[in-house]
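Visitor: I'm new to this one, so could you show me around its empty spaces? I'd like to hear the reasoning too.

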Amino acid sequence: MKGAALGPEIHARGTRFRVHSPDAEQLWLCLFDGDGRETRLPMARDGEGVWSIDAAGVGQGAHYGFRADGPFDPGAGLWFDPDKLLLDPYATEIDRAFGYDPALAARRGEGGDTAPLMPKGVVRASLPPVSAAPPLFRPGGLIYEVQVRGFTMLHPDIAEAQRGTIAALGHPAVIDHLRRLHVTAVELMPVNAWIDEWHLGPLGLRNAWGYNPVSYFALDPRLAPGGMAELRGAVKALHDAGIGVILDMVYNHDGESDLLGPTLSLRGLDARSYFRHEADGRLINDTGTGNSIDCNHPVGRRLILDSLRHFVSAAGVDGFRFDLAPALGRLPIGFDPRSPLLEAMRTDPLLADRILIAEPWDIGPGGYRLGAFGAGWLEWNDRYRDDMRRFWRGDRGVTGALATRLAGSSDIFGHAPATRTVNFLAAHDGFTLADLTAYARKHNEANGEQNRDGHGENFSWNNGVEGPADDPAVNDARRQDIKALLGTLFCSRGTIMLTAGDEFGRSQQGNNNAYAQDNVIGWVDWAGRDREIEAYAFALASLRASQPDLGDTGWLSQEDVEWLDERGQPLTVAQWEEADRRCLAMRFRQSGLTVYVNGDDHPRTFGAVMVPARTVLPIPAE
């Protein structure tokens with residue numbers, strides 16, 4: 001879809017507003033003064049399904065929304081209701097955060113005017129574009145996953161007024177910590193404006209993660225009270241420290257949910273274009289959230305590409321991670337890595353050099369697409385996560401898989417010139433690294449769903465006691481397991497990812513789905529961090545940074561690496577097939593770096609090197 005820019009455009013006489021709504025019979029621009037009084041101005045059709053108005057005297061800082069009238073037939077994808085104030089999909093700022101109210105989901109004629117409940121768009125002139133520069137992050141580096149609010153809410157060095165905001169990411173104490181970990185990019189969990197799921201309010205909970213967006217342009221005011229300038233400033237501070245910024249984007253669905261969900265923006269303007277529907281008009285739900293954005297409809301594709309360009313131009317971000325990314329390439333015939341949207345991302349002048357990371361699965365048909373995203377993409381590797389957990393849990397017959405994952409997962413990405421893996425052991429979704437060693441079962445009771453939510457199979461273990469333990473031996477064993485897991489991650493080839501706080505033993509009390517825990521369960525406990533584990537992580541990070549073999553994304557040949565047994569001899573086929581084998585060494589021939597892995601419960605001697613029980617020991621050549 002081509003045509004004039006959508007959204008507000010300030011000019012010398014006022015502001016021109018454009019919005020896409022081809023099925024509407026009438027649209028109004030709604031302007032609000034400082035007391036909330038509304039002025040409605042009728043808009044006119046402007047071709048290709050677009051409505052527009054040139055509002056004289058309206059400029060910087062004006063608060064606005066839209067109302068749309070037309071047929072109301074939700075089963076046919078028509079949701080027009082002039083009682084519903086609608087957020088402009090292209091608004092780059094909103095005046096307050098979203099809050100759920102049942103009136104937002106009322107059928108036409110039943111809920112009354114929603115303007116008092118809705119955030120308003122704020123007219124802002126675009127910031128001058130950030131000077132073009134290649135991304136700081138390069139494949140093979142360390143990505144640090146951050147939930148912005150929870151990351152700094154308890155940080156003792158950050159002023160209370162700044163805690164929980166994007167600005168806090170630029171604080172010297174935060175940057176010092178990131179540099180000691182040799183972080184090459186922070187990956188910010190969603191920062192776009194979102195709305196809580198309808199069931200959370202009665203439980204006294206709220207969405208802490210942000211994976212329920214309403215706007216793809218506007219930042220959530222709770223995270224960025226300073227708007228886009230705040231994100232831009234934090235990106236610059238991180239860039240000045242040599243650290244890139246990747247944004248986690250949710251284009252697979254929006255917060256308007258299913259037939260019973262609220263009407264906030266896309267649904268009330270152009271549901272037929274923005275959402276995927278069955279032939280009979282029912283919403284397709286390939287995300288488990290109630291709706292699925294039609295990412296390859298020209299209108300939806302334009303919205304996504306425009307918003308990506310917005311964050312590159314206005315803030316200078318290095319790239320993007322895409323939640324449930326198969327949705328971006330799903331066509332009527334199924335997933336296609338050459339879909340119009342994915343091809344456009346690779347070829348767009350502003351996006352082509354950005355880092356693109358896929359979460360390569362969703363619950364739609366053919367939704368598990370690990371290894372299928374093709375050139376220009378990195379992919380979260382859940383096979384790495386599960387195989388490494390199974391090895392350290394003590395499962396039999398996993399040593400071969402351990403070696404394959406250490407070397408870059410050639411069984412998944414071997415068709416590519418280099419590995420595209422993003423190796424991780426824990427992420428926001430699931431157990432923390434510490435809880436992985438302390439809980440054999442999930443404990444999500446605090447979420448109010450009788451522990452039914454969250455993954456049931458986590459390949460976790462508790463070292464003999466479920467949850468907190470008073471036994472020093474149990475706690476020592478857990479600490480050793482955390483170190484072994486960290487050692488495995490930092491000694492793996494390709495890109496690695498660490499979730500904030502896992503480097504010092506952060507716990508979520510066994511909750512493996514803490515999306516609704518905007519409290520001490522979900523916040524990073526800086527005061528209570530395990531300094532011994534933290535120091536170990538810093539040492540591993542320094543070693544990895546000094547050893548190019550570990551961050552390399554190229555494939556290893558027999559001339560590059562040898563796999564050795566405890567006698568220093570190459571592992572035989574029979575040894576590889578030993579179900580109870582728990583030890584091996586990976587030696588890089590050119591550099592001499594050797595990574596010793598001992599998964600046994602007792603020390604092992606590799607030649608002259610004694611490796612403690614349940615330890616990964618990397619030793620550079622002297």
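Guide: Here is a short tour of the pockets, the cavities and the domains. Keep in mind that this is a predicted model.

Visitor: Let's start inside. How many cavities does a search of the whole structure find?

Guide: Five, counting those of 30 Å³ or more. The largest cavity holds about 180 Å³ of space. It is lined by 19 residues, and the closest to its centre are Gln147, Met189, Arg506, Gln508 and Gly522.

Visitor: What makes a space a cavity and not a pocket?

Guide: A 1.4 Å probe fits in a cavity but cannot get out, whereas a pocket is open. The space of about 180 Å³ is listed as a cavity, so by that rule the probe is shut in.

Visitor: Why does Gln147 count as part of the lining of the largest cavity?

Guide: A lining residue has an atom within 4 Å of a point of the space. Gln147 is among the residues that line the largest cavity, so Gln147 meets that cut-off.

Visitor: Which helix and which strand each supply at least two residues of that cavity's lining?

Guide: Strand E11 (142-146) and helix H1 (148-152) do. By class, the lining of the largest cavity has nine nonpolar, seven polar and three charged residues.

Visitor: Why is Gly522 not counted as nonpolar?

Guide: Because Gly is placed among the polar residues in this scheme. Gly522 lines the largest cavity, so Gly522 goes in the polar group.

Visitor: And the open spaces? What is the volume of the largest pocket?

Guide: About 1300 Å³. Among its 48 lining residues, Thr287, Gly288, Thr289, Asp429 and Asn513 are the closest to the centre. Helix H7 (residues 382-393) gives the largest share of that lining, with four residues. The classes come to 17 nonpolar, 17 polar and 14 charged.

Visitor: What about the second largest pocket?

Guide: That pocket has a volume of about 680 Å³. Of its 26 lining residues, Thr92, Arg124, Ala125, Ser126 and His310 are the closest to its centre. Helix H5 (298-315) is one of the elements that supply at least two lining residues, and H5 has the largest share, six.

Visitor: How do you know that the second largest pocket involves two domains?

Guide: Its lining draws at least three residues from each of domain 1 (7-123) and domain 2 (142-550). The protein also has domain 3 (561-619), and the C-alpha centres of domain 1 and domain 3 lie 64 Å apart.

Definitions and conventions. Residues are numbered from 1 along each chain as its sequence is written. This is a predicted model: local features need pLDDT of at least 70, side-chain atom pairs count only at pLDDT 80 or more; totals for chains, interfaces and linings use all residues. Side-chain values use heavy atoms; hydrogens and water are left out. On a 1 Å grid over the protein atoms alone, a cavity is a set of points where a 1.4 Å probe fits but cannot get out, and a pocket is an open set with protein on both sides within 12 Å along at least five of seven lines; lining residues have an atom within 4 Å of a point. Grid points are joined across faces, edges and corners, and a volume is the space filled by probe spheres set on the points. Domain bounds come from an automatic or database domain assignment.
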